[in-house]
Amino acid sequence: MESDRIIIEVKDLVKKFGWFVANDQLCFNVYQGEVFGFLGANGAGKTTAIRILCGLSKPTSGRVIVAGFDAFSQPEKIKKVIGYMSQRFSLYDDLTVYENIRLFGGIYGLTRSEIKKRSEELLNRLEIPDLRDRLIGSIPLGWKQKLAFSIAVLHKPKIVFLDEPTGGVDPITRRQFWELIYEASKQGITIFVTTHYMDEAEYCDRICILAEGKVKALGKPDQLKKTFNAETIDDVFYQIAREDKQT
Amino acid sequence: MAKTLISCSGVSKHYGDVEALNNINLDIFSGEIFGVIGPDGAGKTSLFRLVASLLIPDSGKISVLGYDSVKDYRAIRKKLGYMPGRFSLYQDLSVEENLAFYASVYGTNIEKNYHLIEDVYSQIEPFKKRRAGKLSGGMKQKLALSCALIHSPELLILDEPTTGVDAVSRREFWEMLKRLKDKGMTILVSTPYMDEAKRCDRIALVQNGVILGVDTPEMVIRQFNFKLFAIRSEVRHEIIRALRTFDSVHQAYLAGQLVHFTQVNPETDDVERYLMDQGFGDVDIRTIEPDIEDCFINLMMN
Amino acid sequence: MNRFLSFVKKEFQHIFRDRKTLLILFGMPVAQLLIFGYVITNDFRNIGIAVMDQARDQKSELLVNRIFSSGYFLNRGQVYNIDEISSKFKSGKVKAVLVIEPSFTNNLIGKGEARVQILTDASDPNLASTIVGYLSGIIYKFQMDDVPFSEARGIIAETRMVYNENLEGAFMFVPGTIALILMLISALLTSISVTREKEVGTMEVLLVSPLKPALIIAGKVTPYVFLAFANGIVILLLSYFVFGVPVEGSLILLLLALLLYITLSLSIGIFFSTLASTQQVAMFLSLFALMLPTVLLSGFIYPIENMPWPLQWLSLILPPRWFIVILKDIMLKGNGIAYIWDEGLILIGMTVFFIAISIKKFKIRLES
C-alpha cells in the first residue's frame, strides 16, 4: 500500500478557532483506492478536518493536498473532484429516484446523455430499474442508502466522503452497502469514511483515530487491535478515550 | 420462575399503510435486563411506546405491572420510568433544574430520592449548574437516566439510550444498568448495536415489525445451526463473489476484515478446496463461534 | 399544587432565558406604537383643506388665518355650498372641510358660543383622526388667545367623518396594536411553547408521567397570562404618555376586558398546539390565521365599513374585531358595560368554544 499513489496528504494540519485548537498537528496520508476510516467521538475534531479536506474551510497552518490541489489556494478545484454522502442529508424525499439522479448529475456538470446513460447503469447495477419513478421518500431506508452512495459516485469523483453511512441500518443492508463501497474502491475511487460507530470501522482498510484534536492511532484495523491488545476496534477506541479522560 | 411484569399478546400496530409491529408476543420478567435489538425502523420505538401506554395497539393486549395498557394507563404511568429515544431534556434548563422539575412532576423531590440516583447522578453533579444543552452526549444520557429514575419507578424503559454516545460512556452506562438490576430494577432497553446484546439477560431480535427470536444471548447463539467459517483475505470482495457461486453455499457475507461463510453440506463439500480451485490459494480459513450479528443475519434470511 | 407551581416556574425559566424572544415581545409593541404614531405625525404637513366660511366676519377670518399659518394645512380654496363638499373630497386634494356658521363673531361674542363643523375624509381614518386633533387644537388655542372671554363656552367644534361615520375619536392604532400584540403573545407563544416540547421530545416524558392534561395546559398558559397582561399595560402606558391617548371609561372594566381577550387568545393558542406538531406549523397557523386577518380585517387599519361584504362577514369571526370595539368604547368614548356587553358575550362564547375543543383534542397519547 505504501508504494501507492497518495491522494490526500495532510502534514502538520492545524486549525484554530480563536484560542481553541480543533486540529492539532494532524499528519496522515490516504492512498488512492483505499477505504480510509476517520474515527473520533463528537468534538474530537473530525468535522473540522473533513471541512478542510472538502475545501469548505481553510487550515490555519500546515500542508493539505487533496487530489493534487492545495486546500489553501484551490478549494474550488477540490470540490469538483470529490463526492459527499451523509447519513442525515442524502437525497430529496419528494423527488423521484431518477429526478434525484438527474439533479445531482447536473450539479456535478454531467451532460444530459451522460446522466441518462449512467443512471441506467446505476439502476441496473442495484437491480432496481422498476424503482426509477418512485419517490425517494417511499422506498426503504436500505435502498435509499445504497442509492445515495451510488449517486455520490455518479460523477466518478477521485474521493468520496461518507459520513456515518450505515448507522442504524440492518446487518444485511449494511453488508450490501459495504460491497458497493469495495466495488467503488476497486475502480480506484478513494473512500473516506467518518464515523463514530466502531463496527463500521472494522470494514475499513486503514483507520485513523482522533481524540482531542490529535491523531491517536493510525493503521490497519488488525494491526491496531494487536498493538492495543484488543479484540475489537471498539476496545481500541475505549482504551484511547479512557486514557484521554484520565489525562 | 420470576414474575411476569410485561406481557404482550398478539400486538399489532400500523401507521397508515406502514405495518410497524405485527403480532408481537412477548413476556418480560421481574428483575431482568431485557434488550430489544434491531435496526432503525424495526419497530423498537413503537413497541416501547405501546408498553408505556403512549400508543394504543390496533389489536392484541398489553399488560404492564398487572395493568391494562389502554384502560389503566394512569396506574402504569405512575410506576414507570421512561427515557425516549432522543434525550428528552430541557436544553435551556440546568442539570439540576431538569432533575428537580421531573421530580416535581411525580410529586417528589431530589433530596427524598437522592439515594436512587446517586450512582448515576454523582457523575454529573459537578456540572449541575450547566445548561443541559451544553452537555456532551454521555452526560445528557446520564442526566436523562437520572430524570427517569428520580421517582423510584418499578420498571425502567430506555429507548436507544446508547445511540450517539461515545464508547466510554456506553460502557459506563451498561455498568450502571447492571447495578440498577442488582438492586432489583426491571429494565427494558433497546439498541441498534448488536454487540450490546451480551449485556442483556434476555434479548428479542426484531426486524420489520416482527420478532425474529427471543432468548438469552447464549441460547440465541447456540441455536445457530450452521458451522460458521471465517475467511481472512486481502481480496474479500472477490472471495465473496466466488463463494456465492459455490454449490454448497448457504450464505457468504462481509464481517469487518473477514468473510463469514455458512454452507448447506459441510460434510461433503470442502470450502477450502473450492477456494483453492478458484485460485484463492493464500487464504486463512477457520471455524468460529457466531456472534449475535451472525444470528441476526441468519434469522433475517429465514 | 406543588406540581403546578414547579411547572409554572419551569415555563418562566424558559421565557426569561430566551432573551431574544423576550426582547421582541416587549420591543415589538413599543416599536409598533412609535412607528404608527410617528408615521402619522411625520406626514402631517401640507394637508389640503377647504373652508366654507358662511360668516365672513372678523373672527371667522382670523380663525381661518390661524389655521393656514400653522403650517400644517394648505388652503384648497373656498366652498360655497354643501353640495360642493363631496366633489372636493372626491378630487382627493381636500382631506377636510371646515364649516363656519353664519354670524360667527356675533354668536361668539354675543351668545358666548359659536359653532364650527369639521368634515373629514375618513377613508384614511388615522389621518382623519389626526386632522381633527390638530384642527381642534388650533381652534382651542385661537379661542384662548383671540377671544377674551372666560365665562363663555366658546367655540363648539362638531366633527363629522365622511365615508366612515362610525369612527369616533382618535388613535385607532392603540386599540389595534393592543389587540394584535396580545393575540400574538398569547396564541403564538403558547402554541410554540407546546409544540416545542413535542418537537424536542419532552412532551413524550410529560405524557407518560401522571400529570393531568388540564395541569399541563394550565401550567403552560399561566405564565403567558402574566406576560400578556404586562405587555398590555406597557402599551397603555406608552400610548398615554407618548401620544396622550386617554382612558375615558372605567379602568377596571378595561382590565377585565383585557383579561377576557387574553384568555380567548390563549385558548386559541392551545387549540393551535393540538393541531400542529412542529413549531413551524404553529407559527404559520398563527401568522396566517391570526396576525394577517387581525391586521387587515379587524378594522385595525382598514375600516370594516369600506370592505366588500364577504370580508365584512369574515371579520365577524375575528376576535380582535370585537375587542377593538370594546377598547374604543371604553378608552375613547368612556362607555360603560351597557354598551359593550354584546361584544363581551361574543368573546366569552368564542373562549368557551376554543377551550372545549382544545380539551377534547388534547392527546393523552402520541396517537395521531
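**Helix packing in chain A and domains in chain B**

Student: How does α3(A) pass α4(A), in a left-handed or a right-handed crossing?

Tutor: In this predicted model, α3(A) passes α4(A) in a right-handed crossing, where right-handed has the near helix turned clockwise from the far one by less than a right angle, and left-handed anticlockwise. Local features here need pLDDT of at least 70 and side-chain atom pairs pLDDT 80 or more, while totals for chains, interfaces and linings use all residues. Residues are numbered from 1 along each chain as written, with chains lettered from A and ligands numbered from 1 in written order.

Student: What angle do they pack at?

Tutor: Helix α3 (residues 97–107) and helix α4 (residues 112–125) of chain A pack at about 130°, with axes 10 Å apart. That makes α3(A) oblique to α4(A), a term for angles that are not under 35 degrees, over 145 or 65 to 115.

Student: Which residues meet there?

Tutor: A:Tyr98, A:Ile101, A:Arg102 and A:Gly105 in α3(A) meet A:Ile115, A:Arg118, A:Ser119 and A:Leu122 in α4(A), contact being C-beta atoms, placed from the backbone, within 7 Å. By class, this contact has four nonpolar, two polar and two charged residues, with Tyr counted as nonpolar and Gly as polar.

Student: Switching to chain B, how is that divided?

Tutor: Chain B has domain 1 (4–214) and domain 2 (228–301), with bounds from an automatic or database assignment, and their C-alpha centres lie 38 Å apart.

Student: How many residues are in contact between them?

Tutor: Six residues of domain 1 of chain B contact five of domain 2 of chain B. On the domain 1 side, β9 (202–207) and β10 (210–215) of chain B each give two or more residues.

Conventions. Axes fitted to C-alpha atoms, helices over the stretch in contact; angles between N-to-C directions. Helix = DSSP H or I, 4+ residues; strand = E, 2+ residues; numbered from the N terminus. Contact = placed C-beta atoms within 7 Å.
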